[in-house]
Amino acid sequence: MTKRIPFIAGNWKMNLDHQQAIALVQKLAWSLKDHNHDYSTAEVVVFPPFTDLRTVQTLIDAEKFELKLGAQDLSAHDSGAYTGDISGAFLAKLDANFVLIGHSERRQYHSEDDSLVQAKTAAAFRHGLTPVICVGETLEELETEGASAVPVRQTLAALAGHEVLLPFVIAYEPVWAIGTGKVATAEEAATVCRKIREAIEAEHGAGVADATRILYGGSVKAANVAGFLNSADVDGVLVGGASLDAEEFSGIARFQKHLAL
Ligand code: PEP
């Protein structure tokens, strides 16, 4: 079985300008250093807004921080007349390692459907970025279809039709738990993550399923993270609100300490 390194991701959403970004990244890196965080036991990735990426990349390089960098979206196209869109080529040039695709806020406010999420996933692969593909059901879908039907369907749609499936990450985020303070139980999160892995295995083979990191996201805090990561089916967390507080996010990244308690 592949050892999957836990993945701790902070989605800043549309918060913090490039100057505020410097302060947060410095505080986060220093806090992790003060607590002797071992990045080989939990990878820590920040996803700032586009306008912060260059600043954060320069800071990470200059200070040799071990944090990794991701973007919150990318275009399905590589270049051309797509005003306001950002090419994966530009993100790769900025040394971004990861890109969020299909976050529920993109699906909801920008009408991103499964075929666009698939095309964006292909664009990420073309540019050597690791897509973090976000899937999850709304409250209404939970009531009509149960917890795993929609996330499994969205996962398989995003992964369909690629010649080679390069490494990718899946983030299971029940829409009803994002920014609401309502949290899925650790058991609920683990069950859906396991169903997603089984579906990947059935469609793409045991090797891909075994190597893929599947995260939980939705109102994660330092106080509840350990419960989610206690399960072998959950390989990390995607954190929104709590990632804007350096100490809180550092506490989430150091979840192994809470597990040991
Ligand atoms: C998110 O934005 O992906 C998220 C999970 O947000 P929050 O942690 O604030 O619920």
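**Strands, ligand shell and selected residues in the predicted model**

Both faces of strand 6 are covered, since V169 and A171 on one side and I170 and Y172 on the other are all buried. The model described here is predicted, and strand 6 comprises residues 169-172. In a regular strand the side chains alternate between the two faces of the sheet. On one flank, strand 6 is joined by four bridges to strand 5 (residues 130-135), and these two strands run parallel; within this pairing, I133 stands opposite I170. Strand 6 also pairs with strand 7 in the parallel sense, again over four bridges. I170 has I214 as its bridge partner in strand 7, and Y172 has Y216 as its partner in that strand.

Strand 7 (residues 213-217) is itself mostly covered, with five of its five residues buried. From this strand R213, L215 and G217 point one way, whereas I214 and Y216 point the other way, and all are buried. Strand 7 is further joined by two bridges to strand 8 (residues 236-239), the two running parallel, and the bridge partner of Y216 in strand 8 is V237. Y216 is thus paired with Y172 as well as with V237, while I170 is paired with I133 as well as with I214.

The ligand is surrounded by 14 residues, of which K13, E173, G179, S219 and G240 come nearest. By class, this shell is made up of four nonpolar, eight polar and two charged residues. Several short distances to ligand oxygen atoms were computed. A polar side-chain atom of H103 lies 2.9 Å from an oxygen atom of the ligand, a backbone N or O atom of G240 lies 2.8 Å from an oxygen atom of the ligand, and a backbone N or O atom of G241 likewise lies 2.8 Å from a ligand oxygen atom. The protein covers 96% of the 300 Å² of accessible area that the ligand has on its own.

The residue that follows H103 in the numbering, S104, is found in helix 4, which spans residues 104-109. S104 counts as buried because its relative accessibility is 12%, a value that falls under the 20% limit used for this class. When residues up to four places away in sequence are not counted, S104 touches V175 and I178.

A second buried position is provided by A42, which is found in the loop between helix 1 (18-34) and strand 2 (43-47). With a relative accessibility of 0%, A42 therefore counts as buried. Leaving aside neighbours within four places in sequence, A42 is in contact with I5, P6, I8, H37, A253 and F255. Among these partners, F255 is 213 residues from A42 along the chain, yet the C-alpha atoms of A42 and F255 are separated by 8.8 Å.

S250 has its place in helix 11 (residues 246-253), and its relative accessibility of 0% is the reason why S250 counts as buried. The side chains of S250 and S31 are joined by a polar contact of 2.6 Å. S31 is also one of the residues that S250 touches when those up to four places away in sequence are not counted, the others being L28, L32 and H35.

Two loop residues were examined for their backbone geometry. Most residues other than glycine have a negative phi, and most peptide bonds are trans. K64, although not a glycine, has a positive phi of about 55°, and S111, in a residue type that is likewise not glycine, has a positive phi near 50°. K64 is found in the loop between helix 2 (53-63) and strand 3 (68-71), whereas S111 lies in the loop between helix 4 and helix 5 (114-126). K64 counts as exposed because its relative accessibility is 69%, and S111 is exposed because its relative accessible area is 61%; both values stand over the 50% limit that defines an exposed residue.

Key
Residues are numbered from 1 along each chain as its sequence is written. This is a predicted model: local features need pLDDT of at least 70, side-chain atom pairs count only at pLDDT 80 or more; totals for chains, interfaces and linings use all residues. Side-chain values use heavy atoms; hydrogens and water are left out. Buried means under 20% relative accessible area, exposed over 50%, partly exposed in between (1.4 Å probe, protein chains only). Contact means heavy atoms within 4.5 Å. A residue is near a molecule or strand if one of its heavy atoms lies within 4 Å of it. A polar contact is a pair of N or O atoms within 3.5 Å; within protein, one must be able to donate a hydrogen and the other to accept it, and residues adjacent in sequence count only if both atoms are side-chain atoms. Accessible areas come from the Shrake-Rupley method with a 1.4 Å probe; for residues, only the protein chains shown count as cover. Ala, Val, Leu, Ile, Met, Phe, Trp, Tyr, Cys and Pro count as nonpolar, Asp, Glu, Lys and Arg as charged, and the others, Gly among them, as polar. Two strands pair if DSSP finds at least two bridges between them.
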